[in-house]
Structure formats: C-alpha cells, structure tokens
Amino acid sequence: MKYAVITGTSKGLGASVAKQLMEATYHVIGLARHENQELATAELPGSYTHYQVNLADLPATESTFQNIIAFLKQKQLDELLLVQNAALVQPIEQAGKQEMQHLADHVHVNLLAPMIITNLWLDAWRESGISLVMANVTSGAAQRSVYGWNAYCSTKAGLDRFTETVALEQAELGTDHKVFLFDPSIMDTDMQGEIRSSDRTQFKDVEQFKDYKKNHNLRDTDTVASVLVEKLVAPERIKNGEYYSVKDIFR
Ligand SMILES: NC(=O)c1ccc[n+]([C@@H]2O[C@H](COP(=O)([O-])OP(=O)(O)OC[C@H]3O[C@@H](n4cnc5c(N)ncnc54)[C@H](OP(=O)(O)O)[C@@H]3O)[C@@H](O)[C@H]2O)c1
C-alpha cells in the first residue's frame, strides 16, 4: 500500500497535495489543529485519516507521530511519503516588538517540529528496508531578508539548512532515502491574507502583496500542488537534497 503523511492538511497547499495524492491512490494521513471535512468525505481511490495536533506542542507532536508510526508498522508499505508543509508566517513584526510566546510557537511549528518529526521518522524506519521520500516546504524568504519577517526568514532558512544537512548524512550513510525542498512561491491562501492584513509599520512590502492579489499573481494551490505531486509519485525523478521550485515549471 502507498501511504503519505502530510502536515497542515486543513487548508491551503497541504489540502491540495492531500487531495491529489488520494486521487493517485495514496492513503493520506493528515495533521493539523482543524479537521478537513472535504478530504474526510471525499470519494477518491485513496483514503484520508486525520490526526488533530498542535505542532507548537512538542510532546503532543512526538506522541502523535509515535501513534502514526505504530499504525503504519502494521501495514504492508510499498511507498511512504512525508510532506512537512505546515507553517505560520506570524509574528509579522520588527524584532523588539514581539511576544515571546508568538516567537516560541513560530519556531516550534516551522523548524523544531520538522526536525523532531524527521528524527522520529528516520529512526522508526531504519531497519525496514523502505526507501523514504521526505519533502519539506520552504519559501523564497529563506534566501532573502524581508522587513517584518525576521522570524519567518529565519525558520525557513533553518529548515533549508536542516534539510540539506540531513540529505548529506543520508547520502554518506548510503541509504536510499531522499529528502528535498519544495518552494511553492506565492499562492492564494489564508497565509497571504494574513500577510495583506499587516500594516506598513509591521511589514514594509505590504502594498506589493496587496497588488499580487489584485493583479491575480497568486497561484492557486491545486496548480502548485500538481508540481509537487508529480515529483512525489515518481521518486526516481527526485534527487536527494535538491531544491525544487514551482518556478522550475511555471515561470
Ligand atoms: N502562501 C504562500 O504564498 C506561500 C509562499 C511560500 C511558501 N509557503 C509555504 O507553503 C506552506 C503552506 O502554506 P499555505 O499558504 O498553504 O498556508 P495556510 O493556508 O496558512 O495553511 C497552513 C497549514 O498549516 C497548518 N498549521 C499552522 N499552524 C499549525 C499548528 N500550530 N499545528 C498544526 N498545524 C498547523 C494549518 O492548519 P491548522 O490551522 O488547522 O492547524 C494549515 O493546514 C507553508 O510551509 C508556507 O510557509 C507559502
């Protein structure tokens, strides 16, 4: 059986990736704080199972993944995908004006949870003979500094370096595992709505992002998901450690 575990499936890119993998006969295990009724009731060749979890809560994240791993260990696994997509852009604010708890939640969801999950995942399947495919969703913000996005730029840059380092380790260990980065560029999701609702003192480029929406520059998540899913269903086309962008396909 083909299984895919995806974080952040309640909406946005994660929901689109889940739906398209279900169309491609994968059994999807999705995680988020909110459920996704559309996926849960969809009549598609694959199935959907939801695990409700707050990824800012690290003990809850660890025990949820231990439960998922115990469930998957009872299955005959032909393929196993892990897509770490969940993230938040908040707090959008200059350093010096942020709440400690907001910063802690941000780093937990965007960076520490993916690190903890990767660690559990690699440990769980070490002796299994399964070739793992792990995609981490990044952002152009990993590679440039944006006024007001100091948290987001930092955690996405950290995720990039973490992913590249894990890829290097797996290559040197001689495993067949593949871990790669996927940059979806700008998409029409709630995250963009949050960005547009910040004010200029928090986020200097807010007018530019309002224009992206006004000028229909934001891609829809189904289009972006199709680029990632095309890779995920053909692991032989994935290079361990690669940086893959939706812009490689759509200019
Ligand atoms: N939108 C863009 O233009 C853009 C651009 C570049 C990169 N990205 C990246 O693309 C990915 C998807 O973004 P999106 O635009 O689809 O975002 P979105 O619409 O805001 O969805 C975010 C997903 O993450 C989940 N999530 C957030 N906080 C969580 C928490 N504490 N615990 C569990 N799940 C949590 C949300 O679920 P719940 O709220 O139900 O928990 C939701 O399912 C992210 O990694 C983002 O950084 C987005």
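This briefing walks through a ligand site, two serines and a few backbone details in the structure above. The model is a predicted one. Its ligand takes up the space of the largest pocket, and 30 residues surround that ligand. Beyond the ligand, we will visit Ser131 and Ser139, then a cis peptide bond and two residues with positive phi.

**The ligand and its surroundings**

- Of the 30 residues around the ligand, the closest are Arg33, His34, Asn85, Tyr152 and Thr189.
- Thr189 also makes a polar contact: an N or O atom in the Thr189 side chain is 2.5 Å from an oxygen atom of the ligand.
- Gln192 has a side-chain contact of this kind too, with an N or O atom 2.7 Å from an oxygen atom of the ligand.
- At Met187 the backbone takes part, as one of its polar atoms is 2.9 Å from an oxygen atom of the ligand.
- On its own, the ligand has 880 Å² of accessible area, and the protein covers 96% of it.
- The pocket where the ligand sits is the largest one.
- Two or more residues of the shell around the ligand come from each of these elements: α1 (12–23), α5 and α6 (190–196).
- Among the elements, α6 gives the most to this shell, with three residues.

**Ser139, a buried serine**

- You will find Ser139 in the loop between β5 and α5 (150–173).
- Ser139 counts as buried because its relative accessible area is 11%, which is under the 20% cut-off.
- A polar atom of the Ser139 side chain lies 2.9 Å from the backbone nitrogen of Ala141.
- If neighbours within four places in sequence are left aside, the residues in contact with Ser139 are Tyr152, Lys156, Asp183 and Tyr243.
- One of these contacts links back to the ligand site: Tyr152 touches Ser139 and is listed with the closest residues to the ligand.

**Ser131, a partly exposed serine**

- Ser131 sits in the loop that runs between α4 (100–124) and β5 (133–137).
- With a relative accessible area of 40%, Ser131 is partly exposed, because that value falls between the 20% and 50% cut-offs.
- Apart from neighbours within four places in sequence, Ser131 is in contact with Leu80, Asp176 and His177.
- Ser131 and Glu99 are 32 residues apart in sequence, and their C-alpha atoms are 41 Å apart in space.

**Backbone details to look for**

- Gln90 and Pro91 are joined by a cis peptide bond, with omega at about 5°.
- Pro91 belongs to the loop between β4 (79–84) and α4.
- Thr25 is a residue other than glycine with a positive phi, near 75°.
- The loop between α1 and β2 (27–32) holds Thr25, and this residue is partly exposed at 38% relative accessible area.
- His216 is another non-glycine residue whose phi is positive, near 55° in this case.
- To locate His216, look in the loop between α7 (206–214) and α8 (221–232).
- His216 counts as exposed because its relative accessibility is 72%, which is over the 50% cut-off.

Key. Residues numbered from 1 in each chain as written. Predicted model: local features only at pLDDT ≥ 70, side-chain atom pairs only at ≥ 80, totals over all residues. Heavy atoms only, no water. Helix = DSSP H or I, 4+ residues; strand = E, 2+ residues; numbered from the N terminus. Buried < 20%, exposed > 50% of the residue type's maximum accessible area, 1.4 Å probe, protein only. Contact = heavy atoms within 4.5 Å. Polar contact = N/O pair within 3.5 Å; in protein donor to acceptor, adjacent residues only side chain to side chain. Near = heavy atom within 4 Å. Areas by Shrake-Rupley, 256 points an atom, 1.4 Å probe, with all protein chains shown as cover. 1 Å grid on protein atoms, 1.4 Å probe; cavity = no way out; pocket = protein on both sides within 12 Å on 5 of 7 lines; lining within 4 Å. Sits in = over half its atoms within 2 Å of the grid points.
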